[in-house]
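Colleague: Could you take me through one part of this model in detail? I would like to look closely at the surroundings of the bound molecules.

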Amino acid sequence: KLRMYDYGDFLASMILLSLAFCLLLCVKGVLAPTSTDHGRSGNYLFDYYWGTELYPRICGIDIKVFTNCRFGLTVWALAVAVFALKSYELHGRVVDGMAVTAALQLLYLTKFFWWEAGYYRTIDIITDRAGFYICWGCLCFVPSFYTLVSLFMVRQPEPVGPAWTAALLGFGLASLAVNYWSDWQKQAARAADGQLNIWGRPARVIRAKYSLENGQERQSVLLASGFWAVSRHFHYIPELSLTLCWSAVCGTGCHIIPYMYFAFLSVLLFHRSFRDDKKCRDKYGKYWSEYCKLVPYKIKAAEIVETMYGILLEGVQHYLEHTYGAQAWAKIRELAECRHPTFETRRGYNEHLLMQLFEAASSLTGLTVDQLTFENGCFFVGYLAKYGYDKVLRVMGRHLRDFYHGIDNLHEHLRFSYPRIRPPTFIVADESPTGAERGMRILYKTRRPGFQHYARGQLYTIARVLYQLELDIGLVDSSQQGAYSLYVYELRFDNVAYSGEHSTAYRIIDPDSYVVPYRDFITLFPYYLALDRSLTRFANILGEAADGVHFGINFMLIRPFIDCCWMSQSEQPPIAYQPQFLKHRHNIFEIAAYNRTVSAGGKAQCAPPDRGQTGDKSEDTSLSRSDDSKLVRFKGQMIYMPTWDRLLYICSPRVKNTHEMALKNIYLNDLSLHDCSRDLTLAGDQQSEELFELLRQQQEQTRQMELSMRKLDRERKRADSLLFECLPKSVARKLRKGLDDPMTTIRCIAQPAQSSRLRNHTDLKVPLTLNQHS
Ligand SMILES: NC(=O)C1=CN([C@@H]2O[C@H](COP(=O)(O)OP(=O)(O)OC[C@H]3O[C@@H](n4cnc5c(N)ncnc54)[C@H](OP(=O)(O)O)[C@@H]3O)[C@@H](O)[C@H]2O)C=CC1
Ligand SMILES: CC(C)=CCC[C@@H](C)[C@H]1CC[C@H]2C3=CC=C4C[C@@H](O)CC[C@]4(C)[C@H]3CC[C@]12C
């Protein structure tokens, strides 16, 4: 007889021993701690529950490794095996349900031991002290509660049937594999320091810095690809589905016991996702926020397919069709599993589709993806003429350098036609007019990796077509910075238009002759901001310092994608790829104000409110940073004022229409008369109304068309079945495919012997007429 099945004695002894053991650990942590991480909270009960030491060792044995991994999980595995044997002892066989639950649990535990090193980095080991929660939990709770399903199954002689067995085993194994796979992806990313491919693409990682208690700086890789891009704790889903599979073998006969572990685990994992997030936020700070922006979901698997406008895909289609022919395009579409026969210019498509098409084209043409994307980049510049964009391109700048400086602004203008555009940033650095080094370097910063040669092709073609310059352009560097891919191009050309950084960039004003009265200034520019070198103080243009906090506290820089810092030549490496405010005076700056008060109250200025003066802190807190609908966005220019040694940001609020103005407490007379923001806002209103109406009409037409298509489809099916009912199958098939001459078919069916059923059928015309349609 299997004595261990009679668990009671064992558990009772374990409970008492563990309670005493936890007390011992509690005292040891205070009197004879092993590591520096120990201490008391001042509350005896809490100390007992939570523990007083993080990594206690007794006689050289690591207590948490022993309780969590060795004892708890070994007893769990043992219990599962013993219960299966007991079931055999009782019923003379192991029923399928018992076999499935035992197999899944034992495989799960084997997986754990295989992956054990990964467990040492989890909160159980790194954060939780060795107290009642962890130690009693692993010594008693795991052996008893985690094994309930198997215990319950011992007395179940009824098999679940082959279908359920196969389904639960199959789904359980798949869940186990996915759970392991996601744990593995994280471990592999760390082992390879982020230099690996995940799901066939270079892994997206964040290099998160953190400080140790002794102040030393360290870095970890946070993976944002594969399962770790779906959600931050996606692996909990397969963990739960596996548990459900090994519990569901007990059926649904109103039993609660077998599902108790599943319910407990759901709560535990949900809570754990918050605990782990907090741990990581405390550890990595802004890097964790960056990761959360990339992967916004905690557990829920959300479809986070990034989209791109159809115009880019249209460009690819036309390029491939134009270069390789319509048949090749059809083949490429098939290889890339692209279900769209054509693309709508302004519709959003899965952004991976573009690279899939290039990969397919590469396999068909033998050219590399880099070559193809370069060629397509070249082609696309000409293709834009179809939409009239060539006209804009032609007036972008007198010289090539002006064009390159203005690319970001061009993208900004496109926002009117493509409001959801996510353009990259192009930063011009290291310009020189003459000598061997003539030309410039351009930093291309994008959220879409893989487009480096596409952009290179565009830069090249712009020079050739618009400025008749033969450009020597090479990709000299690439790296990953958080969510962004960074590429550096070296462009060699006669950059005659460049005549030194200072001459065009800084307009030196004689302060005595050009003093503008403050009131006039704010009438002209009601929204402005003056920033000093540290960006931590704001001042109005009279120079009355308003002590503020860092720019980043009240404002969020939306465009360009640069760090919030003032450029200081001496501090920068020779090639200043670190983009800063001063370097970007050529770009449109877009910022969002977190605090609603900055725009409230008529002629508000963009400088942050003086907290001391307003005394209204509730305003601050009432608006969470993520409450985008209330964030006030500004768009404008950064001008360096050498006489004040300040950067002056002159801007206007960016509002789409009057509805948004009302929402954000902005009035038309707040906007300057000389800039075009009023007109655009009002135009936005009209346009949106018109567009809305057009869109509504189009939707209605699409709906009607879909209905008709469905009706047609039904009619076709009916006709087909009639056809096959009336005629011999071989004839019907021919007619259906339209292979035969209808006269031959008529002759054929007119022979009375061919179809006796046909003789009874009077409506001969139907199939013949329908054949024309099909
Ligand atoms: N059956 C059960 O009772 C339970 C089972 N589990 C299972 O145990 C396994 C471990 O889960 P869990 O303990 O929650 O720990 P995780 O595997 O989720 O690891 C969390 C830690 O991984 C690091 N990390 C977080 N995000 C990333 C990222 N994107 N890239 C790289 N590293 C990251 C952080 O640690 P760092 O400080 O190193 O950056 C974080 O604290 C899972 O398979 C889970 O399903 C978990 C809980 C209960
Ligand atoms: C109510 C009470 C006392 C709770 C017990 C808490 C602990 C016993 C559990 C908390 C987290 C659990 C585990 C985390 C991760 C694991 C990896 C997995 O692959 C195997 C199981 C386990 C080690 C699991 C074990 C129990 C906990 C430590």
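Which element gives the most to the shell around ligand 2?

Modeller: Happy to help, and please keep in mind that this is a predicted model. The answer is H6, which contributes four residues to the shell around ligand 2. Helix H6 spans 132-145, and it is listed with helix H4 (96-119) and helix H11 (257-284) as the elements that supply two or more residues to that shell.

Going through the shell by name, you will find Leu73, Tyr108, Phe112, Tyr119, Asp124, Tyr133, Gly137, Cys138, Val142, Tyr146, Leu268 and Arg272 around ligand 2. Sorted by class, these are nine nonpolar residues, one polar residue and two charged ones. For a specific polar pair, look at tyrosine 108: an N or O atom of its side chain is 3.0 Å from an oxygen atom of ligand 2. As for burial, ligand 2 on its own has 600 Å² of accessible area, and the protein covers 86% of it.

Arg272 is a good place to cross over to the other ligand. This residue belongs to the shell of ligand 2, and it is also listed among the residues that come nearest to ligand 1, together with Tyr236, Glu239, Lys283 and Tyr284. In total, 28 residues surround ligand 1. By class they split into 16 nonpolar, three polar and nine charged.

Three side chains are worth displaying with their polar contacts to ligand 1. For arginine 272, a polar side-chain atom sits 2.6 Å from an oxygen atom of ligand 1. With lysine 186, the separation between a side-chain N or O atom and a ligand 1 oxygen is 2.8 Å. In the case of arginine 121, a polar atom of the side chain is 3.0 Å from an oxygen of ligand 1. The protein buries 96% of the 900 Å² that ligand 1 exposes when taken alone.

Several elements build this second shell. Those giving two or more residues are H4, helix H8 (162-191), strand S6 (217-223), helix H10 (236-248), H11 and helix H12 (286-294). H11 provides the largest share, ten residues. Both H4 and H11 also appear in the corresponding list for ligand 2.

While you have H8 on screen, follow the chain into the loop between H8 and strand S3 (197-198), where aspartate 193 is placed. Aspartate 193 has a positive phi of about 50°, although it is not a glycine. Another backbone detail to check is the peptide bond from arginine 559 to proline 560, which is cis with omega near -10°. Proline 560 lies in the loop between strand S16 (555-559) and strand S17 (589-593).

To round off the tour, there is an open sheet of four antiparallel strands in the order S9-S10-S12-S11. Its edges are strand S9 (425-432) and strand S11 (472-481), each of them paired on one side only. On average, neighbouring strands of this sheet are turned by 20° against each other, ignoring direction. Helix H20 (residues 452-467) packs on the sheet and touches S9, S10, S11 and S12, with its direction at about 145° to that of S11. Within the sheet, strand S10 (residues 439-446) and strand S12 (residues 484-492) are joined in the antiparallel sense by seven bridges. One pair to pick out is methionine 440, which stands opposite leucine 491 in S12.

Methods
Residues numbered from 1 in each chain as written. Chains lettered and ligands numbered in written order. Predicted model: local features only at pLDDT ≥ 70, side-chain atom pairs only at ≥ 80, totals over all residues. Heavy atoms only, no water. Pairing = 2+ DSSP bridges. Axes fitted to C-alpha atoms, helices over the stretch in contact; angles between N-to-C directions. Contact = heavy atoms within 4.5 Å. Near = heavy atom within 4 Å. Polar contact = N/O pair within 3.5 Å; in protein donor to acceptor, adjacent residues only side chain to side chain. Areas by Shrake-Rupley, 256 points an atom, 1.4 Å probe, with all protein chains shown as cover. Nonpolar A, V, L, I, M, F, W, Y, C, P; charged D, E, K, R; others polar.
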